[in-house]
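Got the viewer open? Let's take a short walk through this model, one selection at a time.

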Amino acid sequence: MLSPALRRFLPYLRPNRHLFVVTMVAASASLAAATATPLVVKAVIDGPIAHGQAGQLLPFAIALVVLGGVETGANFVRRNYSVLASLRMETDMRNDFYAHLQNLQVAFHDNWQSGQLLSRAVADIQTVRRFVGFGVVFAAFFGAQWALVLAVLLRLDWRLAVISGLLLLPLAFVSRRFFGRYATIARQVQDQQGDLTTVVEEMATGVRIIKAFGRNRLLLQRFQRQAATLRVTNLKGVRIRASTWTTFNLLISLNLCLVLLVGGLAVMAGQLTLGGLVAFMTYLIMLIWPLDALGWILAMGEEATTASIRLAEVFDSLPEITEPARAQVLTRVRGGIRLEGVGFRYPEGGNWVLRGLDLELQPGETIALVGATGSGKTTLATLVPRLYDVSEGRVMLDGVDVRDLSLRFLRKQIGVAFEDRPAPGGRRGQGRVRMGPALGPGDPRRRAGLLALGRPAPAPGPGQGRARRTASAGAGRPALGG
Ligand SMILES: Nc1ncnc2c1ncn2[C@@H]1O[C@H](COP(=O)(O)OP(=O)(O)OP(=O)(O)O)[C@@H](O)[C@H]1O
Ligand SMILES: [Mg+2]
């Protein structure tokens, strides 16, 4: 019942498998107690009640209390441990997701709306966890309950059991139809949630621009439109779930009516005891809750499958800018930067942004690059710390191609100042944010080249999610401004 997409996340359960073993043991105990209860009731009806022996009721009463106690206690343990195990799984998945996002090249983030990443990191991982923690455990539990109860029913009265079984068969058909229709909607809901998150995220990060240009209404309308779309899709899902569950319940009620009729006749004919009929009905009612829950688990499973497909889309994006096979580290960085025949175009862009560019910066040299908006100043700066890799030519630091250097080492040598976006924890209104250690004026590490790359570009419109405004770059830990 697990889709391949979901199965790939099963290894996350491995570290907590002992917790799942406890869960399953508790589930079995609760199941055994629940299944035994109607048999005790049957014995009470056919024994002391049928024969009017009030004095013999006590042992049965004690047995019922003990069974009830075992069921409650086992359910408590099952719930606690399954939640514990699945929450640990959620934490591990989220940590891996976050680490993976950080390893992906800047170009990946250019093409992904941050809201889509956020909704995956929060909602989708939670959906997978909920299904694994509750859905799978319940499905296993209910499956076992069904098998056990059907076995007991067959023993009680095989004709009634066959009738019930035949009447429950259409449920399989109903659930198959449900699967097909609900899958599409589940995916739409999750994608639209991502879009909505993007709108909120852009509003929150671009609030100054939005206020400055008086675009509040525009953004509000965009949010309302997105929210309305999500609502409509959600309602479609509700309608499908409601009609499926109604059909489920209708079939079950029909079944109960028929069993009462056929069973009643059997009791009158002396083929079945009264206690047997009561037990039979109790078992059928016991099957209702799992069937009810089946619809819910199926829906959950569909959502978890689409969530895991959405997560796989990110997990399957492999980092393109990676550590070289034989990464070099320079013992002493002087800070000379050389660009040789550099050409660059953005992965999805097509046009050359830079072409045939040669530039040499001596250690300690400072240059300013001036050019029209969109002429490629920022792009040039991003090539030095390998936020992007050149499309042709090469960038060298102290005579070594930056692609041969250890990525961690290289980026430690490069300081970057971003223009308009405060760094996490940065103060509001701070114009430039320098990340990296503070360097005193006399710090020898300051000697390296500083590329001051042009004037700041106009502020991006609220629609543009990420700032692409690295303005300057240099080596030997210069302060990079732009
Ligand atoms: N992430 C990106 N994906 C695709 N194209 C991009 C991306 N970032 C920039 N560009 C395009 O590359 C070209 C150079 O942009 P870049 O930001 O380097 O210019 P710039 O000289 O820094 O401009 P400004 O003075 O506005 O800061 C522009 O045509 C721009 O539209
Ligand atoms: Mg720029």
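Start at Gly 52, which comes right after helix α2 and has a positive phi, near 65°. Before moving on, some ground rules: this is a predicted model, where local features need pLDDT of at least 70, side-chain atom pairs count only at pLDDT 80 or more, and totals for chains, interfaces and linings use all residues. Residues are numbered from 1 along each chain as its sequence is written, while chains are lettered from A and ligands numbered from 1 in the order in which they are written. Helices (H or I, at least four residues) and strands (E, at least two) are DSSP runs, numbered from the N terminus.

Now step back and select α2 itself, residues 17-51. Its 35 residues should span 51 Å at 1.5 Å a residue, and the end C-alpha atoms are indeed 51 Å apart. (The expected span is 1.5 Å times one less than the number of residues.) Look for a kink of about 30° at Val 44, shortly before Pro 48; the bend is the angle between axes fitted to the seven residues ending there and the seven starting there. Val 44 is also among the buried residues of α2, which include Phe 20, Leu 31 and Pro 38. Buried means 20 or more other C-beta atoms within 10 Å of a residue's own, exposed means 12 or fewer, and partly exposed is in between, with C-beta atoms placed from the backbone.

Next, the sheet. Four strands form an open sheet in the order β2-β1-β4-β5, with antiparallel pairing. β2 (354-361) and β5 (400-401) stand at the edges with a single partner strand each, so one side of each has no neighbour in the sheet. Strands count as paired if DSSP finds at least two bridges between them; β1 (residues 337-344) and β4 (residues 392-397) have five. Select Ile 337 and you'll find its bridge partner in β4, Leu 397.

Which residue should you click in the loop between β4 and β5? Try Asp 398, which sits in that loop and has a positive phi of about 50° although it is not a glycine. Asp 398 is partly exposed, with 18 other C-beta atoms within 10 Å.

Arg 386, in the loop between α10 and β4, is another non-glycine with a positive phi, about 60°. Arg 386 counts as buried, with 20 C-beta neighbours inside 10 Å.

Last stop: Leu 380 in helix α10 (residues 377-383). Leu 380 is buried, with 25 other C-beta atoms within 10 Å.
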